[in-house]
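Work through the exercises below with the model open. Each one has a task and a stepwise solution.

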Amino acid sequence: MKPTTYFFIFFFGIFSTFSQHRISGKITDSQNQPLPFTNIILYNLETKEMPKGTVSDSDGNYNFTKLKSGNYRIEISTLGFETKKIKAFELKGNKVFNASLKEKSTSLNEVVIKSKRPVIKQTAEKLIVDLEKSEMTNTNLQDVMRKIPGVLVTNNGISIAGNGGVRILINGKTTEYMDVETLLRDFPADNIAKVEVIEQPGAEYEASGSGAIVNIILKKNVKLGTHGSVNSWIGEDEGIEWGTGFSVASYKNKLNWQTSVNYSQPTWRDDLFLVRTVNSETYDQITKEPYDPDNFAISGSLDYYLSEHHSIGLGGRFNNRNSTRTASSKTIISDENNRNTLFSENYFDRQRTNYNINPYYEYKTDTDKLVIDFNYVDFTNDNTNTLYDIAGSTITFDDRKYIQDGTYNIKTYRLDYSKTISDNLKISAGSRFADVKTDNDLQTFEEKNGNFEKNEEASSRFVIDETIFALYSKVNATLGKWSFSGGLRYEDSNTDGTSTFLKEGNLTSEVQKRPIKKLFPSASISRKITDVLGASVSYSYRIQRPSYGSLNSFATFLDPYSAGEGNPNLTPAYTNNYQFNLTFDGQPFFTVGYSKTDDVIFQLISQDNATAQIRQQDVNVENNANWNFRLFAPLNLTKGLEGYTGIIVTNTDFKSSTYGVDLNKWNLIWFVQASYQLPWDVNFELSGNYGTGALEGQIEVDWLAELDFSFGKKFLDNKLKVNLGFNKMLNRGFVGNIDYGNGIADVESNGSRQNVQLRLVYSFGSKFGKKKSGRKTNNDEENRIRDDN
């Protein structure tokens, strides 16, 4: 090569280097506050090259480097603000273009296809119900749950494929309320984005639980701007009931916050009719138990975006529930020659308060995500109930009083990391540590000479100190028409339970230690068979730990002849779950599920013929197996009608030689969930089910049915949603029998009927649709604080 050629290349390189320029600047709003994550597009007007793009950093700064001389123009935009265009200019050197964007006064016009039916998708691990574009979420969580195929909401709670024990999470965290009834009634559905029904939890979820997980994902951090809603409802159940609340959120720039307050006074009633034989006598008992608690809840969160990839936050909530009620019982005891009656009342005074604090740190890029999370829960439960007879009784008994104070402190530390290697491969891993301390103190008093005196031998204190350490890893992979998910979770838990009580005049302490070290695998594989038909199989191994309260050996009387009793010898149960799914166009079509549980936790109801008392106690039954077959179909028989229908066939089997339990029952449930557009844009919704029977633990239930419907309409440019609901119409409660082993009882468990409820939701503020990521946390220990009062 000639020297002149070397000189030309060297000179051209020097010239090119000095001809490269830089454009930079800062983007702010009208208040001169920086706008992070703003889109800046640079167009070259002289070439056909693709435009260059960048995003402003957390301080609103941006820059383009290594630009050639030429003519350019810039366009700056972000959702919620007016787009700014910088006119064409000639670039000969470095330039600085700062820009101030004006916030839009109205929300963006967007084309959204609305449907009355939510979008439903079945995967190998879970059923996803997307409510973002559905017109069906204008009432409460109870109505949302009724729209999920295979989920039944009855007087006895929530069941999926005939199985109870359903855990409800909100954004991956345990629910704010400790009882399902209040959660379903009070939780507004207006901000629910989607619902995940997870029957085969992966390694990232806690291994605890006997039933499915229902994860309610809220529309958190999805709208830029300041907005909120006010909701109020009034109804009639067992008297007038009502509730109100509001929520406000602001998502702007680096600092986002939201808060909500709710108060309610619901009413309902649970009735029990029990007829049983004790030797030669018949005990005919009627108990009516009204509920009218006061519920108050306040929650809030702050999220601060340190930069494009780093954020920190703090969340918290406070819940308080006060309940005073009187359960009235009438027991007629008769034989061939005599008839006596015992009238009694049980006065309950319940005060429950819980709060939690939840700071976190999150790092997130397109391929990596790291979450470090801490959650502290403080729960107090002060219960007093007084059992006494009333005038008119021909049988007397000693009045009793029980004072049970419980405190629960839970600290949970969590770290989760996931990496997306490619579109077809993702790996994740994490760790969790929980430290739990509970203290339950039961004081028993018996009436003597007109005064209550403490019975030391029937009183006890029960303290639990528990730690749970977990590690997990998981991989998700796709190859052509095949998809695979597999994970392994290791849990090391140590539970020490100390029971202190008076025995033979001496104060005695007994310690139960329960160390568990175990691996919990989970896996699923799916394949697309045709363009519309898919199949999947999945497996998970899980543990059901006893609730904290069930481990205390104390007994409390619900009425003079029935009591609940704890079991300090209760051990965890282990379940192998298997499931096969067929999907049509991604939606559930046919499902077969099978589970086998060793040492299942079973509520045993026994009768003592010597004292005529019934005792309820959780015990470990050696063998439990469940089969379920599900067939689903969408409803589109006529224009304007949308929904789902299907049948669920289940078989439940319990066997125990220790407790003489041998129960096996097949049953079929038909359900329908539908909505229809009436004239004047009134939306009519209906849900109902009919079952040939069920096995609710030891109770063999006859046929059951339920029907609910509602009318909904929007006003004031869709800002006001009005819903009139009619619930528990034509419902039949649980009617069946209990085999005690030494006798059979006819039982009917029923509640109040024909609940009518009017609900109004008014939305206000600006919403600009800028999406931001939400995070999920989990705290399983709170679910084991069981209190149904």
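Strands here are DSSP runs of E, at least two residues long, numbered from the N terminus. The model is predicted.

**Exercise 1. Place Ile 357 in its strand, then classify its exposure.**

Step 1. Ile 357 sits in strand β24.
Step 2. Its relative accessible area is 41%. Buried means under 20%, exposed over 50%. Ile 357 is therefore partly exposed.
Step 3. Ile 357 also belongs to a nonpolar surface patch, together with Leu 255, Trp 257, Leu 302, Tyr 304, Leu 306, Ile 312, Leu 314 and Tyr 355. Together these residues have about 750 Å² of accessible area.
Step 4. Two or more patch residues come from each of β19 (255-265), β22 (294-305), β23 (310-334) and β24 (339-364).

**Exercise 2. Find the largest nonpolar core and trace the contacts of Val 195.**

Step 1. The largest nonpolar core has 29 residues.
Step 2. Val 195 is among those with the most contacts inside it, as are Met 145, Ile 148, Ile 158, Ile 160, Val 214 and Ile 216.
Step 3. Leaving out residues up to four places away in sequence, Val 195 touches Leu 127, Ile 128, Val 129, Leu 131, Val 144, Ile 148, Val 214, Asn 215 and Ile 216.
Step 4. Another core, of 18 residues, lies apart from it; Leu 42, Phe 81, Phe 97 and Ala 99 are among its members.

**Exercise 3. Describe the salt bridge between Asp 368 and Lys 419, and the burial of each partner.**

Step 1. The closest N and O atoms of Asp 368 and Lys 419 are 3.2 Å apart. The cut-off is 4 Å, and the pair forms a salt bridge.
Step 2. Asp 368 is in strand β25 (residues 368-389) and Lys 419 in strand β26 (residues 400-422). The two are 51 residues apart, so the pair links distant parts of the chain.
Step 3. Asp 368 has 13% relative accessibility, so it counts as buried. Lys 419, at 29%, counts as partly exposed.

**Exercise 4. Do likewise for Asp 465 and Lys 437.**

Step 1. Their side chains meet in a salt bridge at 3.7 Å, N to O.
Step 2. Asp 465 lies in strand β29 (residues 460-479), and Lys 437 in strand β27 (residues 425-448). The pair therefore ties together parts 28 residues apart in sequence.
Step 3. Asp 465 is partly exposed at 35%. Lys 437 is partly exposed at 43%.
Step 4. Elsewhere, salt bridges with shared partners join Glu 206, Arg 432, Arg 489, Glu 491 and Arg 545 into one network.

Technical notes:
Residues numbered from 1 in each chain as written. Predicted model: local features only at pLDDT ≥ 70, side-chain atom pairs only at ≥ 80, totals over all residues. Heavy atoms only, no water. Patch = residues over 30% accessible without salt bridge, like charges linked within 9 Å, V, L, I, M, F, W, Y side chains within 5 Å. Areas by Shrake-Rupley, 256 points an atom, 1.4 Å probe, with all protein chains shown as cover. Helix = DSSP H or I, 4+ residues; strand = E, 2+ residues; numbered from the N terminus. Buried < 20%, exposed > 50% of the residue type's maximum accessible area, 1.4 Å probe, protein only. Core = buried A, V, L, I, M, F, W, Y, C linked by side-chain atoms within 4.5 Å. Contact = heavy atoms within 4.5 Å.
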